[in-house]
Amino acid sequence: MSAPRRRRRRARTNAVPVRRVLIRGGLVTGLLVLFTYLATSLYSGIPGRDYRTVSATLPQVGNLIQHDPVRLAGVRIGQVQSVEAGSDGKAHLKLQLNPGLDVPVDSRIVIRANGLLGARFVQIVPGTSTDTVAEGGTIRPAATQSLTYGVPEALDTFDKQTRGRLQDMVTGLGTGIAGRGDDLNLFFRRVSDEVVHAQELFTTVSATRAVPYLLPSMNAALEPLNANRTNLLASMPQTTRALQPLIGERGAVRSTLDVAPGALDAADGGLTKGTVLLASVRQVADAARRTLPYALAGLRQTSRLLNEAKTPLGRTEDLLREARPTVPKVLEVTRALRPVLT
């Protein structure tokens with residue numbers, strides 16, 4: 001009797017229809033698309049909420065970018081919706097504010113630093129007006145400075161050229177103070193001794209009523225110099241040429257300065273005995289005070305004389321120009337006579 005045959009097991013087939021598989025795949029794909037949309041849209045705000053949009057125009061915004069926070073009194077009230085450069089060279093901002101938030105129309109906007117790495121946020125400084133900024137309205141920048149500079153802006157100033165000049169300055173400073181430690185110590189010691197006296201001076205000056213008039217008076221005194229700065233600059237070469245003989249004869253000048261202390265002592269003694277002379281000068285001053293009211297006519301005549309003297313002075317200028325070649329010869333003669341004159 002033969003052994004019974006084993007039945008072959010049929011291969012198990014997937015009983016799920018293809019249509020159902022496609023439907024499930026479509027649902028999963030749709031959910032992924034929905035999650036992706038929500039992830040990107042939620043970054044710009046919750047869908048369905050009635051946000052308010054206002055604008056602002058500032059000359060500088062630093063590293064401000066989209067989605068940076070907007071704060072009011074330290075509380076986040078919105079975000080930057082867009083940052084664009086306008087044709088006027090300024091930055092045009094659109095700010096997305098939370099619904100139900102009222103911002104006074106006289107509020108100001110400032111760009112603040114949000115850390116040391118260059119991040120920024122927009123700060124709204126509220127005003128006192130009862131009117132509020134409408135939808136699509138504009139918030140004005142601060143009157144003083146709409147951007148507060150931070151570490152990145154400070155580092156941007158140190159470009160290649162600035163770093164080179166700074167290195168040259170530090171090198172020159174080190175060369176200048178090398179071996180001068182004693183002199184520097186003496187300098188700082190004397191400065192510290194004079195700080196107390198300077199403080200007493202400033203305290204005394206500030207206690208007077210003349211301080212509010214000091215700066216206007218200085219301004220009035222400097223205005224003529226500012227108006228004649230071209231003439232002053234033009235007179236520098238002539239001044240240099242006039243001082244050149246003193247430089248060439250610095251030995252004689254040094255000898256004169258050596259003798260000057262004795263002469264000053266003698267002058268001091270003469271001044272102490274000049275009380276009678278001062279009394280006479282005072283009498284002359286009193287007489288001049290009585291005479292000055294009548295001097296106006298004389299000044300007018302002098303002015304007329306000076307106006308009429310332009311032509312003779314012009315001729316004198318020609319004479320002096322022709323006499324210039326003789327000056328070196330005269331100097332040679334005076335140099336030859338100097339030993340005899342001494």
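**Note on the predicted model**

1. A search of the whole structure finds 1 aromatic pair. The coordinates under review are those of a predicted model, and the remarks below should be read with that in mind. A further contact with an aromatic ring involves a charged side chain, since R71 is placed over the face of F121, with 4.6 Å separating R71 from the ring centre.

2. On the overall make-up, the protein chain contains 11 helices and 7 strands. Of its 342 residues, 13% are buried, and the accessible surface amounts to about 28300 Å², with carbon and sulfur atoms contributing 61% of that area. Among the contacts with a separation of 6 or more, 62% are between residues that lie 24 or more positions apart in the protein chain.

3. The strands deserve a closer look. An open sheet of 7 strands is formed, with mixed pairing and the order β1-β4-β3-β2-β6-β5-β7. Its edges are β1 and β7 (residues 140–141), each of which pairs on one side only.

4. Strand β1 covers residues 52–58, and its side chains alternate: R52, V54, A56 and L58 are directed to one face and are buried, whereas T53, S55 and T57 are directed to the other face and are not buried. This agrees with the general rule that side chains in a regular strand alternate between the two faces of the sheet. The partner of β1 is β4 (residues 91–97), and the two pair in the antiparallel sense over 7 bridges; within this pairing, L58 of β1 stands opposite A91 in β4.

5. Strand β4 is also joined to β3 by 7 bridges, and these two strands likewise run antiparallel. E84 has H92 of β4 as its bridge partner. In β3, which spans residues 75–85, one finds S82, and beyond its neighbours within four places in sequence this serine is in contact with H92, L93 and K94. Is S82 buried or exposed? Its relative accessible area is 16%, so S82 falls under the 20% limit and counts as buried.

6. Two loop residues have backbone angles that a reviewer may wish to inspect. For residues other than glycine, phi is negative in most cases. H67 is not a glycine, yet its phi is positive, at about 75°; H67 belongs to the loop between β1 and β2, the latter being residues 69–72. A73, also a residue other than glycine, has a positive phi near 60° and sits in the loop between β2 and β3.

7. How do H67 and A73 stand with respect to burial, buried or exposed? H67 has a relative accessible area of 18% and is therefore buried, the limit being under 20%. A73 reaches 69% relative accessibility and is therefore exposed, the limit being over 50%.

8. Among the helices, α3 (residues 160–177) has 18 residues, and the distance from its first C-alpha to its last is 26 Å, close to the 26 Å expected at 1.5 Å a residue. After α3 comes G179, which has a positive phi near 75°.

Key:
Residues numbered from 1 in each chain as written. Predicted model: local features only at pLDDT ≥ 70, side-chain atom pairs only at ≥ 80, totals over all residues. Heavy atoms only, no water. Helix = DSSP H or I, 4+ residues; strand = E, 2+ residues; numbered from the N terminus. Buried < 20%, exposed > 50% of the residue type's maximum accessible area, 1.4 Å probe, protein only. Contact = heavy atoms within 4.5 Å. Areas by Shrake-Rupley, 256 points an atom, 1.4 Å probe, with all protein chains shown as cover. Pairing = 2+ DSSP bridges. Phe/Tyr/Trp six-rings, centres within 6.5 Å; stacked < 30°, edge-to-face > 60°. Lys NZ or Arg CZ within 6 Å of the ring centre and 35° of its normal. Expected span 1.5 Å × (residues − 1).
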